[in-house]
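Here is my note on the model you sent, set out as numbered points. Please read it with the structure open beside you.

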Amino acid sequence: MINTVESLNNSYLPRLSEFIAKRIGLNFPEERWRDLIRGVQAASCEFGFPDVEKCMEWLLSAPLTKQMIEVLASHLTVGESYFFRDAKLFEAFEEHVLHPLIDARQRRGRFLRIWSAGCASGEEAYSIAILLKKVIHDLQDWQSTIMATDINPHFLRKARHGIYSEWSFRGTPVWIREKYFTRTSNGRWEVLPDIKKMVDFAHHNLAEDPYPLPVNNSNAMDIIVCRNVLMYFTPEMATSIVRNFYNCLDNDGWLIVSPYEAPVTLSSEFKAVRLPNAILYRKGIPEVLQFENRHGANARDTAKSPSRSKIEKPLYRHRKAAPVSPLTRKDNREAPSPAETALKADCAEIADLARHYANMGMLPEALEHCNRAISQDKLDPSLHYLLASILQEQGKVEEAVKSLKRVLYLDHNFVLAHFSLGNLADIQGRRKDANKHFKNASDILNKAGKETILPGSGGLTAGRLAEIIASMREEEQHEQG
Ligand SMILES: C[S@@+](CC[C@H](N)C(=O)[O-])C[C@H]1O[C@@H](n2cnc3c(N)ncnc32)[C@H](O)[C@@H]1O
């Protein structure tokens, strides 16, 4: 039976639209209630409810899991996308963002970190990968990260598959399809493996999942592309997402949204950079902008701390990344004396600075401050955890493992240390060890309340980390066929 706005219990729709705005971010004001009913009707079949009203009642009363949110999102989101959508914007992006950034990084550590947020079925992320391949001739010597995230698992599955119909190429120059795709036997187009492996796809709910957070690799970004996503959100949610993006970006980082989404960005801390065919947004504007000269790096890039030049690509993929933020503090010691308290405050400040540097990707500075903090308080596991995370980001795996073991020696329940050891073992192909560490982490998480915010983790809950571990294991099983 098709339900209508009129036939449904009046109290459900306002509550449901409020609830969806909060959990997914999507805006369903009264004039869009028909779309909302259509979406929930489709979802209710998947949830096993023949009656949409019963399903709504259940949704409003049950604590929703990540899987339930995914089902709902998969029926309520719009996945419209195509390769090189908005050609003018891509030109501006190439000319005014990529070229200066690449020129600066050529001389100062070849790395780039880009996030396509709300990537739908991957066309946008692969377009960025193609662009990088086109403009960086020695790409094999670069450490480039293109992270692409979405809330809709069906879109992500298609994105990872990388096979598209002609429709995804509307408005795309034919040579791009010819050069970077192969024709499949049934007349579709598959992204070349070289391009495919440049992009990491992951599930991420912009409305709920915490960011910036090293655990999901959403920190220290150079560029965030989030087009045609915010326009579906409530204004409050869009504003809060833009604020989070601001914190995810490196000092001179760029945010790229679609023209319809300009209002929310304009009212944020971002500076609008007006170019002939596009408006882009930047976190901090360098004193001298050299947009005319694409071979001259901008002043801020050139003047940047030398430390970034030595940055190493994190060894792990985003879904296996370990958070920089430490989880727990050891509270079982005797009350400190006033002198100790002063020293501790000092130590906490130094540790905060170390964390700040780590989040900005300034790893040598982070390391130096972290070591200073540890020299003041050798028994604080959270400091050793911070050290391990920095070492891990620097690619110093063995040293990171030693620090993580020290963390567990000091506090066996430090769940993020178990999680990180699992990630490292996994990367090194030691599946059995990895599973052992993940199991230890899960056992500890199972004892904690789902909503417990893991202390010092930047907002990650015990339930969410448990879900991350479960979905990693699922993916692993899927890969093993
Ligand atoms: C219209 S598509 C945009 C695709 C691409 N960015 C483009 O411009 O071509 C909007 C995407 O936002 C995603 N989305 C909606 N709500 C989201 C949320 N809360 N978190 C992450 N992604 C979300 C949808 O699943 C959908 O794939």
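The points below go from the overall build to the core, then to individual helices and two single positions.

1. Please keep in mind throughout that this is a predicted model. The protein has 481 residues, of which 42% count as buried, and its secondary structure consists of 19 helices and 10 strands. Among contacts between residues at least 6 apart in sequence, 71% join residues at least 24 apart.

2. The largest nonpolar core holds 121 residues, and the members that touch the most others within it are A129, I224 and C370. Helix α5, residues 87-107, supplies the largest share of this core, with 8 residues. When residues up to four places away in sequence are left out, A129 touches I146, I195, M198 and V199.

3. Helix α5 deserves a closer look, beginning with its length. Its 21 residues should span 30 Å at 1.5 Å a residue, and the C-alpha atoms at its ends are 29 Å apart, which agrees with that expectation. The helix nevertheless bends by about 35° at L98, and a proline, P100, follows within four residues. Both L98 and P100 are among the buried residues of α5, a list that also takes in L89, F90, A92, F93, H96, V97, L101, A104 and R105. Just after the helix, G109 takes a positive phi of about 90°.

4. Helix α15, residues 381-393, reaches 18 Å from its first C-alpha to its last, close to the 18 Å expected for its 13 residues at 1.5 Å a residue. Because 13 of its 13 residues are buried, α15 is largely enclosed by the rest of the structure. A glycine with a positive phi, G395, comes just after α15, and its angle is about 85°.

5. How do helices α2 and α3 pack, and at what angle? Helix α2 (residues 33-47) and helix α3 (residues 52-61) meet at an angle of about 85°, with their axes 9 Å apart. Since angles of 65 to 115 degrees count as roughly perpendicular, α2 is roughly perpendicular to α3. On the α2 side the contact is made by I37, V40, Q41, S44 and F47, and on the α3 side by V52, C55 and M56.

6. Is K196 buried, partly exposed or exposed? The residue lies in helix α9, residues 193-196, and it counts as partly exposed because it has 17 C-beta neighbours inside 10 Å, whereas a buried residue needs 20 or more. Leaving aside neighbours within four places in sequence, K196 is in contact with G162 and V191. Its C-alpha atom is separated by 8.9 Å from that of H161, a residue 35 places away along the chain.

7. V229 sits in the loop between β7 (221-225) and α10 (235-248). With 24 other C-beta atoms within 10 Å, V229 is buried, so this loop position passes the cut-off of 20 or more. Not counting residues up to four places away in sequence, V229 touches A117 and G118. V229 and E261 are 32 residues apart in sequence, while their C-alpha atoms are 8.4 Å apart in space.

Key:
Residues are numbered from 1 along each chain as its sequence is written. This is a predicted model: local features need pLDDT of at least 70, side-chain atom pairs count only at pLDDT 80 or more; totals for chains, interfaces and linings use all residues. A nonpolar core is a set of buried Ala, Val, Leu, Ile, Met, Phe, Trp, Tyr and Cys residues joined through C-beta atoms within 7 Å. A residue is buried if 20 or more other C-beta atoms lie within 10 Å of its own, exposed if 12 or fewer, and partly exposed in between; C-beta atoms are placed from the backbone. Helices (H or I, at least four residues) and strands (E, at least two) are DSSP runs, numbered from the N terminus. Two residues are in contact if their C-beta atoms, placed from the backbone, lie within 7 Å. The expected span of a helix is 1.5 Å times one less than its number of residues. The bend at a residue is the angle between axes fitted to the seven residues ending there and the seven starting there. Axes are lines fitted to C-alpha atoms, for helices over the stretch in contact, and angles run from 0 to 180 degrees between N-to-C directions. Angles under 35 degrees count as roughly parallel, over 145 as roughly antiparallel, 65 to 115 as roughly perpendicular and the rest as oblique.
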